[in-house]
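Please open the structure in a viewer and keep the sequence beside it. The tour below proceeds from the whole chain to single residues, with a selection suggested at each stop.

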Amino acid sequence: YFASGTIEEPLFRHYGLACPIYTHFTSPIRRYADVIVHRLLAVSIDADSTYANLVDKKHTEKVANNINYRHRMAQYASRASVNLYTHIYFRGRKRDETGYVLFIRQNAVQVLIPKYGLEGTLFLRSNNKNDLANLEWVFDEEEPSQTCGEVKVTLFMKLLVQVYLDTSDVQHEKLALRLVDPVIEGFSVPRTLEVEEDKGEGKREGEEVTKNNKKLKT
């Protein structure tokens, strides 16, 4: 949010809506920014009385900055809450889930797991040079892709990944991913033994990923 007249007019443009000028104007019970807009409009058309601070540009700018700060804090709190409960859910358990490659880096791939609405990083190399899992991956930036032996990982490729909570650093616990399928000897991990009610679903997902990857190889 900003007060008009405090920034250059080309910056008024709303990127998401592709509008040259945009302001909030919804129910006042939702956002304080809407309340301010309603009051200013009412004053400009002589539909309501005003007070000095309302028409003071510097004061309005302070209000906008405070709204922006509160909005950011609310977003951070929301994300922290999601992370907390996600960590609680995965604590002490491992799950094999279907994921899709969203982004390919030089040493990792970013994977979306639709079932939980989560994104995770599947690291392909370890910082430890003596790690036996440090296989040779060939990164193609143009395609983009990562290739290890006969397995090529490409954008939007369907994978089966093991999701678990990495508690190696107590102060910085985080969700981590390991590759289950396609199978790469020395890199992939075995399927997780899941609880009884989840076995059927996990097995079907794993079989489907395996079948699709075999088709890609042929």
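**The whole chain**

Begin with the entire protein chain selected: among its contacts with a separation of 6 or more, 47% join residues 24 or more positions apart. Contact here means heavy atoms within 4.5 Å. The model is a predicted one, in which local features need pLDDT of at least 70 and side-chain atom pairs count only at pLDDT 80 or more, while totals for chains, interfaces and linings use all residues. Residues are numbered from 1 along each chain as its sequence is written, and side-chain values use heavy atoms, with hydrogens and water left out.

Colour the chain by secondary structure next. It contains three helices and eight strands, and along the sequence they follow the pattern α-α-β-β-β-β-β-β-β-β-α. Helices (H or I, at least four residues) and strands (E, at least two) are DSSP runs numbered from the N terminus.

Now display the surface. The accessible surface of the protein chain is about 15200 Å², and carbon and sulfur atoms account for 53% of it. Such areas come from the Shrake-Rupley method with a 1.4 Å probe; for residues, only the protein chains shown count as cover. Of the 218 residues in the chain, 33% are buried. Buried means under 20% relative accessible area, exposed over 50%, and partly exposed in between (1.4 Å probe, protein chains only).

**The five-stranded sheet**

Return to the cartoon and select β1, β2, β3, β7 and β8. These five strands form an open sheet in the order β3-β2-β1-β7-β8, with antiparallel pairing. Two strands pair if DSSP finds at least two bridges between them. At the edges are β3 (118-123) and β8 (174-181), each of which pairs on one side only. Neighbouring strands are turned by 50° against each other on average, direction ignored. Axes are lines fitted to C-alpha atoms, for helices over the stretch in contact, and angles run from 0 to 180 degrees between N-to-C directions.

Select residues 158-166, which are strand β7; this strand pairs with β8 in the antiparallel sense over seven bridges. Within this part of the sheet, L165 stands opposite L175 in β8. Show the side chains of R178 and Y164 as well: the charged end of R178 sits over the ring of Y164, 4.1 Å from its centre. A charge sits over a ring if NZ of Lys or CZ of Arg is within 6 Å of the ring centre and within 35 degrees of the ring normal.

Move to β2 and β3, which run antiparallel and are joined by six bridges. They form a hairpin with four residues between them, and G117 in the turn has a positive phi of about 65°. I113 stands opposite L118 in β3.

Stay with strand β3 and select F123, which is found there. Is F123 buried, partly exposed or exposed? At 48% relative accessibility, F123 is partly exposed. Leaving aside neighbours within four places in sequence, F123 is in contact with N107, A108 and F187.

**The helix across the sheet**

Add residues 57-90, helix α2, to the selection. Helix α2 lies across β1 (95-104), β3, β7 and β8, and runs at about 50° to β8.

**An aromatic cluster**

Which residues do ring pairs link into a cluster? They are Y89, F90 and Y116. Rings of Phe, Tyr and Trp (its six-membered ring) pair if their centres lie within 6.5 Å; planes under 30 degrees apart count as stacked, over 60 as edge-to-face and the rest as tilted. The whole structure holds five aromatic pairs. One of them, Y89 with F90, is edge-to-face, at 5.0 Å centre to centre and 90° between the planes. F90 also forms an edge-to-face pair with Y116, at 5.3 Å and 75°. Because F90 lies in helix α2 and Y116 in the loop between β2 (108-113) and β3, this pair ties together parts that are 26 residues apart in sequence.

Compare the accessibilities of these rings' residues. F90 is buried, with a relative accessible area of 1%, Y89 is partly exposed at 33%, and Y116 is partly exposed at 23%. Then add R93, whose charged end sits over the ring of Y89, 4.3 Å from its centre.

**The three-stranded sheet**

Finally, select β4, β5 and β6, an open sheet in the order β4-β5-β6 with antiparallel pairing. β4 (138-140) and β6 (151-154) each have a single partner strand, so one side of each is left without a neighbour in the sheet. The twist averages 20° from one strand to the next. Three bridges join β4 to strand β5 (residues 145-148), and the bridge partner of F139 in β5 is Q146.
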